[in-house]
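Student: I am new to this structure and would like a close look at a single part. Could you take me through the largest pocket and then outward from there?

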Amino acid sequence: MPQADNDHIKLLSKGKWTLASVRQIEKQLAKIPYDKKIIWDVSGISDFDSAGVLLFIEYLEYYKKETTVEVVGYNSSQKEMYDLLRSHTIENIPPRKNGFLENIGKTAVELYDDIRDFVAFIGQLFVALFYLLINPKGIRLKEMVYHINHSGFNALAIIGLTSFLVGMVIAYQGAVQLAKFGADIFIVDTVSISMVRELGPMMTAIVIAGRSGSAYTAEIGAMKITEEISAMRTMGFDPYNFLVIPRIFALMIALPLLIFFSDIMGIYGGMVASQMQLDISMSQFIDRLYEVLEVKHYILGMLKGPVFAFIIAAVGCFRGFQVSDNTESLGLHTTASVVNSIFLVIAFDALFSVIYTELDL
């Protein structure tokens with residue numbers, strides 16, 4: 001029962017504060033205004049149990065957030081019960097460390113949620129692609145050209161250097177073993193076929209996943225934080241058409257070209273290493289290259305390009321849309337984008353190898 005004056009509100013509590021009466025008491029407490037200081041007199045409470053004391057604790061904390069509260073009239077038994085229950089409320093209990101099995105369960109649930117959301121994202125993406133096939137005027141060529149330049153041309157230096165060094169490493173490591181058998185010239189076979197079929201596409205995709213895939217996540221994530229994507233939806237623009245599809249198309253065009261450049265630089269690196277380590281001249285290397293490097297090896301390696309590009313761009317954009325409204329989330333999802341893209345690239349490369357082997361290609 002509240003009694004108000006100009007300075008404070010006096011709240012008189014009486015009767016039984018037990019489990020049977022807490023609902024009626026709670027309805028009365030919810031009506032108490034808290035625009036003034038509250039003096040809460042509990043001397044009239046004749047009986048109480050843990051439910052009544054917990055209700056008292058709940059509303060005491062609630063009132064304290066809004067105004068000053070002074071509690072008077074409590075006896076020793078009420079104080080003991082209050083102290084006991086207050087010390088065991090959630091905010092005063094130290095956080096429990098998750099057990100090993102609990103961590104496994106949480107990880108499994110998070111993985112399931114990620115896979116489910118990614119499948120839904122791919123579904124929405126294919127709906128948007130189907131719409132563009134019906135209405136090709138909606139394709140944003142200007143943005144595609146920009147992303148081809150940003151993801152392709154600007155990556156030539158790092159792709160070229162990486163592939164050149166990888167080609168040199170393969171040649172140096174292979175030369176040591178082949179020289180033992182006098183089969184020096186077969187270093188050409190080792191470098192050219194491995195670069196064109198496997199290492200060129202995979203190394204290029206891994207570099208692009210770290211460079212462009214992370215950039216896609218960061219760009220879209222920053223737009224999510226600044227609510228630009230929400231604004232686009234409010235104005236009736238489809239974020240998939242404006243943000244996702246141009247990036248995917250651009251990378252699917254740029255990555256095969258980068259793979260071709262990577263193959264050339266890797267073979268050139270092997271050529272330089274062969275000349276330095278095995279005294280195989282460049283003309284000998286090229287003559288042998290014409291004999292052993294069939295067109296099918298180049299085609300089989302190049303077929304991986306659009307698949308890897310779609311994976312990298314899709315994962316990068318998907319993680320960007322998952323970013324929440326803080327910079328920590330942006331960093332976590334950018335890291336996840338790179339890790340997921342590299343893992344999927346390696347997994348699909350292994351799948352391609354199995355398929356090519358089964359088809360005897």
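Tutor: Here is a walk that starts at the pocket, moves on to the aromatic rings, and ends with some single residues.

Please keep in mind that this is a predicted model. For orientation, the protein has 13 helices and 4 strands. Of its 361 residues, 41% are buried. The accessible surface amounts to about 20,200 Å², and carbon and sulfur atoms hold 64% of that area.

Now to the part you asked for. The largest pocket holds about 350 Å³ of space. It is lined by 13 residues, and those closest to its centre are Leu111, Asp114, Ile115, Arg319 and Asn340. Three elements each give two or more residues to this lining: helix H4 (100-134), helix H12 (304-322) and helix H13 (327-358). Among the contributors, H4 gives the most, with 7 residues. Sorted by class, the lining has 8 nonpolar, 2 polar and 3 charged residues. If you wonder how such a space is found at all, rolling a probe the size of a water molecule over the atoms shows where empty space is left.

Let us stay with helices H4 and H12 and turn to aromatic rings. A pair of aromatic rings is described by the distance of the centres and the angle of the planes. Searching the whole structure turns up 12 aromatic pairs. One of them joins Phe121 and Phe318, a tilted pair with 5.6 Å from centre to centre and 55° between the planes. Because Phe121 sits in helix H4 and Phe318 in helix H12, this pair ties together parts that are 197 residues apart in sequence. Both partners are hidden from the surface: Phe121 is buried, and Phe318 is buried too. These two rings also belong to a cluster, in which ring pairs link Phe118, Phe121, Tyr240, Phe318 and Phe321.

A second pair takes us to another place in the chain. The ring centres of Phe260 and Tyr298 are 6.0 Å apart and their planes are at 85°, so this pair is edge-to-face. Phe260 belongs to helix H9 (residues 239-278) and Tyr298 to helix H11 (residues 295-302), which makes this a link between distant parts of the chain, 38 residues apart. Phe260 has 42% relative accessibility and therefore counts as partly exposed. Tyr298 is partly exposed as well, with a relative accessible area of 33%.

Helix H9 has further residues to visit. Ser262 has its place in helix H9. With a relative accessible area of 0%, Ser262 is buried. Apart from neighbours within four places in sequence, Ser262 is in contact with Ile159, Ser163, Met195, Gly200 and Thr204. Phe249 is also found in helix H9. Its relative accessibility of 25% makes Phe249 partly exposed. Once neighbours within four places in sequence are set aside, Phe249 is in contact with Leu129 and Met144. The C-alpha atoms of Phe249 and Pro306 are separated by 9.2 Å, and these residues are 57 places apart along the chain.

Next comes Pro201, which lies in helix H7. This proline is buried, with a relative accessible area of 0%. Not counting residues up to four places away in sequence, Pro201 touches Met195, Val196, Ile259, Asp263, Gly301, Lys304 and Phe308. Between the C-alpha atoms of Pro201 and Leu255 there are 8.6 Å, although 54 residues separate the two along the chain. A wider view of such contacts comes from the whole protein: among contacts between residues at least 6 apart in sequence, 82% join residues at least 24 apart.

Finally, look at two loop residues and their backbone. Most residues other than glycine have a negative phi, and most peptide bonds are trans. Glu227 has a positive phi, near 65°. You will find Glu227 in the loop between helix H7 (187-225) and helix H8 (228-234). Asp279 also has a positive phi, near 60°. The loop that holds Asp279 runs between H9 and helix H10 (282-292). Asp279 is exposed, with a relative accessible area of 66%.

To return to where you began, keep H4 in view: this helix gives 7 residues to the lining of the largest pocket, and Phe121, which pairs with Phe318 of helix H12, lies in H4.

Technical notes: Residues numbered from 1 in each chain as written. Predicted model: local features only at pLDDT ≥ 70, side-chain atom pairs only at ≥ 80, totals over all residues. Heavy atoms only, no water. 1 Å grid on protein atoms, 1.4 Å probe; cavity = no way out; pocket = protein on both sides within 12 Å on 5 of 7 lines; lining within 4 Å. Points joined across faces, edges and corners; volume = space filled by probe spheres on them. Nonpolar A, V, L, I, M, F, W, Y, C, P; charged D, E, K, R; others polar. Phe/Tyr/Trp six-rings, centres within 6.5 Å; stacked < 30°, edge-to-face > 60°. Buried < 20%, exposed > 50% of the residue type's maximum accessible area, 1.4 Å probe, protein only. Contact = heavy atoms within 4.5 Å. Areas by Shrake-Rupley, 256 points an atom, 1.4 Å probe, with all protein chains shown as cover.
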